[in-house]
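Welcome! Please take a moment to look over the sequence and the model before reading on.

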Amino acid sequence: MGAADFVAAPSNAAALTLIEAWPDWPGPGRALAVHGPAGCGKTHLGHVFQARAMAAERVVLYLTEARELPDLPPDPVLILDAPNLDETAFFHLLNRLKNEGGDLLILSREAPARWPVHLPDLASRLKALPAVEVAPPDDALLGAILAKHFADRQIAVAPEVIDYLLRQMERSFAAAAEIAERLDQAALAEGRAITVPLAKRVLG
């Protein structure tokens with residue numbers, strides 16, 4: 001999940017550029033939403049951002065729910081990865097960051113402007129929130145991710161194995177990691193190289 005392990009591609013280039021531009025985000029209560037389907041790499045981008053903020057000696061809070069935070073440190077950096085939203089708490093959090101300073105990175109499947117919120121003031125704030133989409137990974141990116149997982153395990157895999165896996169697998173980073181682990185375990189158990197026949201059997 002480190003920056004050195006992140007594979008840049010056209011599908012995530014815009015989001016990565018904005019993450020790397022921090023802390024030069026505009027306005028008080030600086031905020032950015034990164035949205036895209038499950039498995040597109042949002043969580044990895046969140047960890048890249050977290051490491052960047054910690055390297056700048058900022059206090060980082062990784063939130064899995066929007067809730068009241070009475071003891072926020074000065075000028076905090078918040079990462080919100082929350083599928084279920086308490087609208088009132090989130091609206092108060094946005095106001096607090098705007099008034100007192102701080103940074104907020106939101107990770108979500110849908111752009112905040114499309115969230116089905118009921119508070120009119122919150123809906124207005126969400127529509128004005130800067131947002132960038134991460135598209136599902138294409139074959140080139142998924143192939144690079146697979147190759148990196150195998151290389152990290154010191155396994156040489158032929159291009160035809162990667163091509164076969166790309167035709168069979170779910171289009172997500174999580175699936176690439178799981179497949180590499182399963183094939184590694186099978187190859188170790190059988191004392192053989194990872195080949196297309198082995199991949200066919202392991203993938204069922």
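Here is a short tour of a sheet, the helices beside it and one glutamate.

Keep in mind that this is a predicted model. A good place to begin is the open sheet, whose five strands are arranged in the order 2-3-4-1-5 and pair in parallel. At the edges you will find strand 2 (60-63) and strand 5 (131-133), each with pairing on one side only. On average, neighbouring strands of the sheet are turned by 15 degrees against each other, ignoring direction.

Let us look at one strand pair. Strand 2 and strand 3 (residues 77-80) run parallel and are joined by four bridges. Here Tyr62 stands opposite Ile79 of strand 3.

Two helices meet this sheet, as the table shows.

| Helix | Strands it meets | Angle to strand 4 |
|---|---|---|
| Helix 2 (residues 42-55) | strand 1 (30-35), strand 2, strand 3 and strand 4 (103-108) | about 165 degrees |
| Helix 3 | strand 3 and strand 4 | about 145 degrees |

Now for the glutamate. Glu87 belongs to helix 3, which spans residues 87-100. Is Glu87 buried or exposed? Glu87 is buried, yet it has no salt bridge. Lys127, the nearest side chain of opposite charge, is 11 Å away. What the side chain of Glu87 does reach is the backbone nitrogen of His118, at 2.9 Å. Setting aside neighbours within four places in sequence, Glu87 is in contact with Pro116, Val117, His118, Leu119 and Leu122. His118 thus appears both as a contact of Glu87 and as the residue whose backbone nitrogen the Glu87 side chain reaches.

Note on methods
Residues are numbered from 1 along each chain as its sequence is written. This is a predicted model: local features need pLDDT of at least 70, side-chain atom pairs count only at pLDDT 80 or more; totals for chains, interfaces and linings use all residues. Side-chain values use heavy atoms; hydrogens and water are left out. Helices (H or I, at least four residues) and strands (E, at least two) are DSSP runs, numbered from the N terminus. Buried means under 20% relative accessible area, exposed over 50%, partly exposed in between (1.4 Å probe, protein chains only). Lys and Arg count as positive and Asp and Glu as negative; His and the chain ends are not counted. A salt bridge is a side-chain nitrogen of Lys or Arg within 4 Å of a carboxyl oxygen of Asp or Glu. A polar contact is a pair of N or O atoms within 3.5 Å; within protein, one must be able to donate a hydrogen and the other to accept it, and residues adjacent in sequence count only if both atoms are side-chain atoms. Contact means heavy atoms within 4.5 Å. Two strands pair if DSSP finds at least two bridges between them. Axes are lines fitted to C-alpha atoms, for helices over the stretch in contact, and angles run from 0 to 180 degrees between N-to-C directions.
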